[in-house]
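Here's a quick walk through one protein model, written for someone who would rather look at the fold than read a parts list. Have the viewer open as you go.

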Amino acid sequence: MNETKKLKLMRCASALILLSLTLILIFITESRAIRSMSFANPALDATPSDDEMYQAPQPDADSDTVTEMILSADKKYDIDSGFIDFCVNDEHINSDGQLLSNIIYYMNSSGYRDDMWGELTGYSFSVLYDIYTGAVSIESGDPQITLIGDLYDKSTTTIAAVGIGSEGEGLLSDEVYALLRSADYHVLCGDLDAEGTEYIISGGMKIALCSADAQGGAFADMTKAAAACSDYVIAIADLSGAAVEDAVKAMIDAGADIVIGYGAGAESSFTLEYYGGSLIANVTAGAFDAGVLTVSVSVETRAVYKLYPCALSDGELYLAVGDALTSIIEEINALSSTANLSENLRIGQK
């Protein structure tokens with residue numbers, strides 16, 4: 001092969017190599033451009049987020065379908081299609097317009113549960129039912145139901161209780177009284193009816209306050225009735241006298257989420273205990289002169305309990321601080337086998 005032919009072959013090979021490199025560069029550039037467009041535009045993302053999937057409209061989402069699914073399930077309340085229509089047409093409850101679709105999606109995934117209403121709307125089944133039936137409203141309602149704040153408010157509700165009655169209210173220092181008033185609702189345990197139930201609508205929840213003498217045999221029945229038509233039950237019991245432990249446990253077995261005891265005084269052998277996952281809190285125990293217990297609840301979170309021990313000084317109850325507070329916390333924790341009071345006064349299980 002002469003030199004001229006060799007030169008031509010080398011030129012052809014160089015051209016082919018150059019063409020191949022050009023095509024590779026074009027391919028890489030186009031691929032990057034496509035990927036950039038995909039990242040820049042969420043609509044091109046082939047994998048939607050959980051929220052997007054949860055809110056995805058369903059073509060068969062209609063009230064008849066939802067009603068049929070719900071009516072065939074076991075429920076806390078007997079509802080009809082009117083309840084579904086009410087929830088769908090109320091802009092506060094169905095704020096995104098996706099309630100029907102979300103109910104179908106939820107029930108197909110997890111089946112029916114009464115607490116799904118709170119997850120899907122921010123309002124518990126009990127609250128929605130009371131609004132629907134007219135038991136509670138902005139204008140009027142059942143005198144046994146106290147509405148705190150806006151009917152459609154979804155914030156956390158804090159209830160405070162202190163183990164005295166109005167006859168001892170003059171003992172409260174300004175700081176203790178300010179703590180009580182900082183709660184959404186506060187009670188003086190000694191002033192509650194000897195036996196009765198009061199309901200509170202707040203933060204999208206229906207909360208029951210049951211009060212009675214722990215020695216009374218009807219307290220468990222009262223607690224059970226309250227639990228059947230509310231979301232959270234606070235039983236406030238006079239623990240004066242002996243052999244109240246079984247009665248307190250019976251309240252929890254009947255549905256109480258917490259039992260706040262008072263009146264036991266220094267003879268009480270406990271301050272805080274857990275039974276069956278529920279808290280028993282004695283706010284007039286021997287470890288301190290009195291205490292303020294706060295219960296904070298919401299549709300979305302578990303209850304948070306705090307205990308503020310108080311000490312009597314110069315005829316007034318003050319919040320215990322410093323070494324006195326540390327000593328009280330240590331004594332409470334030593335007495336309890338199941339509960340723990342932290343330095344920030346939050347109650348938890350051991």
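Which residue in S6 does Cys 210 stand opposite? The partner of Cys 210 is Ala 235. Keep in mind as you look around that this is a predicted model.

**Strands S5, S6 and S7**

Let's stay with S6 for a moment. Strand S5 (residues 205-213) pairs with S6 in the parallel sense, over seven bridges. S6 also runs parallel to strand S7 (residues 258-262), and five bridges join those two. If you want a spot to click on there, Ile 236 has Ile 260 of S7 as its bridge partner. Six of the seven residues of S6 (residues 232-238) are buried, so the strand is largely enclosed by the rest of the structure.

**The five-stranded sheet**

Now over to an open sheet of five strands, ordered S3-S2-S10-S11-S12, with mixed pairing. Strand S3 (185-188) and strand S12 (316-319) are at the edges with a single partner strand each, so one side of each has no neighbour in the sheet. From one strand to the next, the twist averages 25°. Inside this sheet, S2 (residues 157-162) and S10 (residues 290-297) run antiparallel and are joined by six bridges. Val 162 has Val 292 in S10 as its bridge partner. Helix H8 (residues 174-182) lies across S2, S3, S10, S11 and S12, running at about 65° to S12.

Here are the strand pairs side by side:

| Strand pair | Direction | Bridges |
|---|---|---|
| S5 and S6 | parallel | seven bridges |
| S6 and S7 | parallel | five bridges |
| S2 and S10 | antiparallel | six bridges |

**Helices H3 and H5**

Where do the helices meet? One place is between H3 (residues 63-71) and H5 (residues 99-110), whose axes come within 10 Å and cross at roughly 35°. That crossing is left-handed. On the H3 side, the contact is made by Ser 63, Thr 65, Val 66, Met 69 and Ile 70, while H5 brings Leu 100, Ile 103, Ile 104, Met 107 and Asn 108. Sorted by class, that contact has seven nonpolar residues, three polar ones and no charged ones.

H5 has a good share of buried residues to look at, including Leu 100, Ile 103, Ile 104 and Met 107. Its length checks out too: at 1.5 Å a residue, the 12 residues of H5 should span 16 Å, which agrees with the 16 Å between its end C-alpha atoms. Just past the helix, Gly 111 takes a positive phi of about 80°.

Conventions. Residues numbered from 1 in each chain as written. Predicted model: local features only at pLDDT ≥ 70, side-chain atom pairs only at ≥ 80, totals over all residues. Heavy atoms only, no water. Pairing = 2+ DSSP bridges. Helix = DSSP H or I, 4+ residues; strand = E, 2+ residues; numbered from the N terminus. Axes fitted to C-alpha atoms, helices over the stretch in contact; angles between N-to-C directions. Contact = heavy atoms within 4.5 Å. Left-handed = near helix turned anticlockwise from the far one by under 90°. Nonpolar A, V, L, I, M, F, W, Y, C, P; charged D, E, K, R; others polar. Expected span 1.5 Å × (residues − 1). Buried < 20%, exposed > 50% of the residue type's maximum accessible area, 1.4 Å probe, protein only.
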